[in-house]
Amino acid sequence: MAVNSKQQEAATREKVKKEKKAEHQEKQQKVRVRLVPIWLRVLIVIMLLALSIVLGAAFGYGVMGGGDPKEIFEKSTWTHIWSLVNGE
């Protein structure tokens, strides 16, 4: 009797292991498909960052500074700002 119960217990353990292994394989087979790929997300973040820098400079120079916002794209504006910051 003791041998028979040990065999049943071993068979039950093997069955439980097989079930867990099957569940684990099912979980691994699920693949998440992203609507927006990661590389595109990074590109969007970089573009939004650049846009916010340009808009912030235009707002700061145009509205707060009293100048024309289009002048932020000229090199002379930035050399003038650089000379003011460095005290030249």
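What follows is a chat between a biologist and a modeller about a predicted model of one chain.

Biologist: Before I get attached to this thing, what is the mean pLDDT of the chain?

Modeller: The model is predicted, and the mean pLDDT of the chain is 84. Of its residues, 82% reach 70 or more.

Biologist: And which element has the lowest mean pLDDT, and which the highest?

Modeller: Helix α1, residues 2–29, has the lowest, with a mean of 70. The highest belongs to helix α2, residues 38–64, with 95.

Biologist: OK, the overall layout then. How many helices and strands are there?

Modeller: Three helices and zero strands. Reading from the N terminus, the order is α-α-α.

Biologist: Back to α2. How far apart are its end C-alpha atoms?

Modeller: They are 37 Å apart. With 27 residues at 1.5 Å a residue, α2 should span 39 Å, so the two values agree.

Biologist: What follows α2?

Modeller: G66, which has a positive phi, near 80 degrees.

Biologist: Same check on α3, please. What span should its twelve residues give?

Modeller: Helix α3 covers residues 75–86, and at 1.5 Å a residue it should span 16 Å. Its end C-alpha atoms are 17 Å apart, which agrees. Just after α3 comes G87, and its phi is positive too, about 75 degrees.

Biologist: Switching to the surface. Which residues form the nonpolar patch?

Modeller: L35, V36, I44, L48, L51 and L55. Together they have about 600 Å² of accessible area.

Biologist: Take L51 from that list. Where does it lie, and why does it count as partly exposed?

Modeller: L51 lies in helix α2. Its relative accessible area is 46%, and partly exposed covers values between 20% and 50%, so L51 fits there.

Biologist: What about the whole chain, how much accessible surface does it have?

Modeller: About 8,400 Å², and 64% of that belongs to carbon and sulfur atoms.

Biologist: How much of the chain counts as buried?

Modeller: Of the 88 residues, 6% count as buried. One residue that is buried is T77, with a relative accessible area of 7%. The cut-off for buried is under 20%, so T77 qualifies.

Biologist: Where's T77, in which helix?

Modeller: T77 is in helix α3.

Biologist: And what is T77 in contact with, leaving aside neighbours within four places in sequence?

Modeller: Y61 and E71. Y61 falls within residues 38–64, the stretch of helix α2, so to speak of T77 is also to speak of a contact between α3 and α2.

How values were computed
Residues are numbered from 1 along each chain as its sequence is written. This is a predicted model: local features need pLDDT of at least 70, side-chain atom pairs count only at pLDDT 80 or more; totals for chains, interfaces and linings use all residues. Side-chain values use heavy atoms; hydrogens and water are left out. pLDDT is the predictor's confidence in each residue, from 0 to 100. Helices (H or I, at least four residues) and strands (E, at least two) are DSSP runs, numbered from the N terminus. The expected span of a helix is 1.5 Å times one less than its number of residues. Patches are made of residues with over 30% relative accessible area and no salt bridge: like charges are joined within 9 Å, nonpolar side chains (Val, Leu, Ile, Met, Phe, Trp, Tyr) within 5 Å. Accessible areas come from the Shrake-Rupley method with a 1.4 Å probe; for residues, only the protein chains shown count as cover. A salt bridge is a side-chain nitrogen of Lys or Arg within 4 Å of a carboxyl oxygen of Asp or Glu. Buried means under 20% relative accessible area, exposed over 50%, partly exposed in between (1.4 Å probe, protein chains only). Contact means heavy atoms within 4.5 Å.
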